[in-house]
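Open the model in your viewer and keep the selection tool at hand. The stops below say what to select and what is there.

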Amino acid sequence: MESRIALIGIIVEHMDSVDALNRLLSQYAPYIIGRMGIPYREKKLSIISVSIDAPNDIISALSGKLGMLPGISTKTIYAKTKG
């Protein structure tokens, strides 16, 4: 299956969902290129970016599962070229 390069942007507004978020990211670890998290304490939220190289259905599944967690918003952007 053809892989794609994507960036999943994640905003965490409810810290109660962090454990579930980390479990999901661990499940998809073989596809994750890198991850950067920034705590924004003044606004009581965190901003996470996840770079991923995976088939489109894997990227969509991860993004969808993350977006279903309470207090978590996601947006996925894809590279124009395929991986």
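Start by selecting I32 and I52: I32 stands opposite I52 in strand 3. This is a predicted model, so treat each stop as a description of a prediction.

**The strands around strand 3**

Select strand 2, residues 32-40, together with strand 3. The two pair in the antiparallel sense, over 8 bridges. They form a hairpin, with 4 residues between them.

Add strand 1, residues 3-12, and keep strand 3, residues 45-55, in view. Strand 1 and strand 3 also run antiparallel, and 10 bridges join them. To see a pair of facing residues here, select G9 and S49: G9 stands opposite S49 in strand 3.

**The turn at K44**

Now move to K44, which lies in the loop between strand 2 and strand 3. Its phi is near 55°, a positive value in a residue other than glycine. Most residues other than glycine have a negative phi. Is K44 buried or exposed? K44 has a relative accessible area of 67% and is exposed, because the cut-off for exposed is over 50%.

**V12 in strand 1**

Select V12, which is found in strand 1. Its relative accessibility is 2%, so V12 counts as buried. Show what surrounds it, leaving aside neighbours within four places in sequence: V12 is in contact with V18, L21, L45, S46, I48, G71 and I72. Then draw a distance from the C-alpha of V12 to the C-alpha of L69. These two residues are 57 residues apart along the chain, and the separation between the atoms is 9.5 Å.

**L21 and the core**

Next, select L21. Not counting residues up to four places away in sequence, L21 touches I10, V12, R35, I48, L66, L69 and I72.

Which residues have the most contacts inside the largest nonpolar core? They are I8, I10, L21, I52, L62 and L66, in a core of 18 residues. Colour the elements that feed this core: strand 1, helix 1 (18-27), strand 3 and helix 2 each supply at least two of its residues.

**Helix 2**

Select residues 56-67, which make up helix 2. Helix 2 has 12 residues, and from its first C-alpha to its last it reaches 16 Å, close to the 16 Å expected at 1.5 Å a residue. Within helix 2, pick out the buried residues: I58, I59, L62, S63 and L66. Look down the axis of helix 2; these buried residues fall within an arc of 125°, so they line one face of the helix. An α-helix has 3.6 residues a turn, so residues three or four places apart point the same way.

**The whole chain**

Finally, clear the selection and show the chain as a cartoon. There are 2 helices and 4 strands. Followed from the N terminus, the elements run β-α-β-β-α-β. The radius of gyration of the chain is 13 Å, close to the 12 Å that the globule rule gives for 83 residues, so the chain is as compact as a globular protein of that length. Along its principal axes, the C-alpha trace spans about 40 × 20 × 15 Å.

Colour the chain by burial: buried residues make up 31% of the 83 residues. Last, turn on contacts between residues at least 6 apart in sequence; 69% of these join residues at least 24 apart.

Key:
Residues are numbered from 1 along each chain as its sequence is written. This is a predicted model: local features need pLDDT of at least 70, side-chain atom pairs count only at pLDDT 80 or more; totals for chains, interfaces and linings use all residues. Side-chain values use heavy atoms; hydrogens and water are left out. The expected span of a helix is 1.5 Å times one less than its number of residues. Buried means under 20% relative accessible area, exposed over 50%, partly exposed in between (1.4 Å probe, protein chains only). The arc is that of the directions from the helix axis to the C-beta atoms. Two strands pair if DSSP finds at least two bridges between them. A nonpolar core is a set of buried Ala, Val, Leu, Ile, Met, Phe, Trp, Tyr and Cys residues joined through side-chain atoms within 4.5 Å. Contact means heavy atoms within 4.5 Å. The radius of gyration is taken over C-alpha atoms; the globule rule is 2.2 Å times the number of residues to the power 0.38.
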